[in-house]
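Biologist: Could you walk me through this protein? I would like to see the reasoning behind each label.

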Amino acid sequence: MPAAVVVLGTGAAWAGLATVAPAWTAFVLAALAVPLIAADLRHRRLPDVLTLPAYPLFVGVAPDPAKALAAAAVFGGAHLAVHLLAPHAMGAGDVKLAGALGAALGSAGWLALPVAVVLAALITAVLAATRRWPDGVPHGRGLLAAAITLVLIRPG
């Protein structure tokens with residue numbers, strides 16, 4: 001993915017989010033979503049260089065850092081359980097991303113966690129239905145889209 005596309009996509013996402021919900025969590029999500037989705041599509045990987053620094057970023061911008069850490073543990077732990085039970089169904093990058101996104105979702109409320117699981121699964125199912133994926137459907141896009149949506153609408 002050319003750097004210019006990533007920069008322009010990130011800038012457009014930030015500008016759009018700034019008009020809807022000027023929350024730091026949404027800005028950080030937008031900044032990370034563009035390169036993560038690009039990497040997931042092109043290389044079928046969610047690089048640690050982007051997922052791991054997201055933990056302190058999301059906890060740092062959270063109104064309640066303790067809640068963000070707890071939500072990261074719950075959301076990441078649920079995805080880790082799936083990965084351990086069915087490693088072919090979910091990659092380790094998805095698990096690391098899920099933990100970081102759990103911290104972001106914590107700022108939207110506890111209801112955002114189960115809703116994000118369902119919404120991300122639906123998005124991934126739509127992707128599976130629209131194209132043949134020989135190596136499995138990448139789940140990172142579904143996770144990111146669900147997290148951004150829920151951080152913006154804050155279900156509770």
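Here is a short conversation about this predicted model.

Biologist: Let's start with the overall layout. What makes up the secondary structure of the protein chain?

Modeller: There are 7 helices and 0 strands. Read from the N terminus, the elements run α-α-α-α-α-α-α.

Biologist: How do you know that the length of helix α5 agrees with what a helix should span?

Modeller: Helix α5 covers residues 92–106, which makes 15 residues. The expected span is 1.5 Å times one less than the number of residues, so α5 should span 21 Å. Its end C-alpha atoms are 21 Å apart, and therefore the two values agree.

Biologist: What makes you say that α5 is mostly covered?

Modeller: A residue counts as buried under 20% relative accessible area. In α5, 13 of its 15 residues are buried. For the protein chain, with its 156 residues, 43% count as buried.

Biologist: Now a single residue. Why is H83 called buried or exposed?

Modeller: H83 lies in helix α4. Its relative accessible area is 19%, and the limit for buried is under 20%, so H83 is buried. Leaving aside neighbours within four places in sequence, H83 is in contact with M90, G91, A92 and V95.

Biologist: And why is V117 called partly exposed?

Modeller: V117 is part of helix α6, residues 112–130. Its relative accessibility is 39%. Partly exposed lies between the 20% limit for buried and the 50% limit for exposed, so V117 counts as partly exposed.

Biologist: Which residues form a nonpolar patch on the surface?

Modeller: V117 joins V118 and L122 there, and together they have about 260 Å² of accessible area. Patch members need over 30% relative accessible area, and V117, at 39%, passes that cut-off.

Biologist: Let's turn inward. How many residues does the largest nonpolar core have?

Modeller: It has 33 residues, and those with the most contacts inside it include L29, F58, L101 and L143. The helices α2, α3, α4, α5, α6 and α7 each supply at least two residues. The most comes from α5, with 7 residues.

Biologist: What is L29 in contact with, apart from its neighbours within four places in sequence?

Modeller: L29 is in contact with F58, L101, A104, A147, I148 and V151. Contact here means heavy atoms within 4.5 Å.

Biologist: How many contacts join residues far along the chain, at least 24 apart?

Modeller: Among contacts between residues at least 6 apart in sequence, 68% join residues at least 24 apart.

Conventions
Residues numbered from 1 in each chain as written. Predicted model: local features only at pLDDT ≥ 70, side-chain atom pairs only at ≥ 80, totals over all residues. Heavy atoms only, no water. Helix = DSSP H or I, 4+ residues; strand = E, 2+ residues; numbered from the N terminus. Buried < 20%, exposed > 50% of the residue type's maximum accessible area, 1.4 Å probe, protein only. Patch = residues over 30% accessible without salt bridge, like charges linked within 9 Å, V, L, I, M, F, W, Y side chains within 5 Å. Areas by Shrake-Rupley, 256 points an atom, 1.4 Å probe, with all protein chains shown as cover. Salt bridge = Lys/Arg side-chain N within 4 Å of Asp/Glu carboxyl O. Core = buried A, V, L, I, M, F, W, Y, C linked by side-chain atoms within 4.5 Å.
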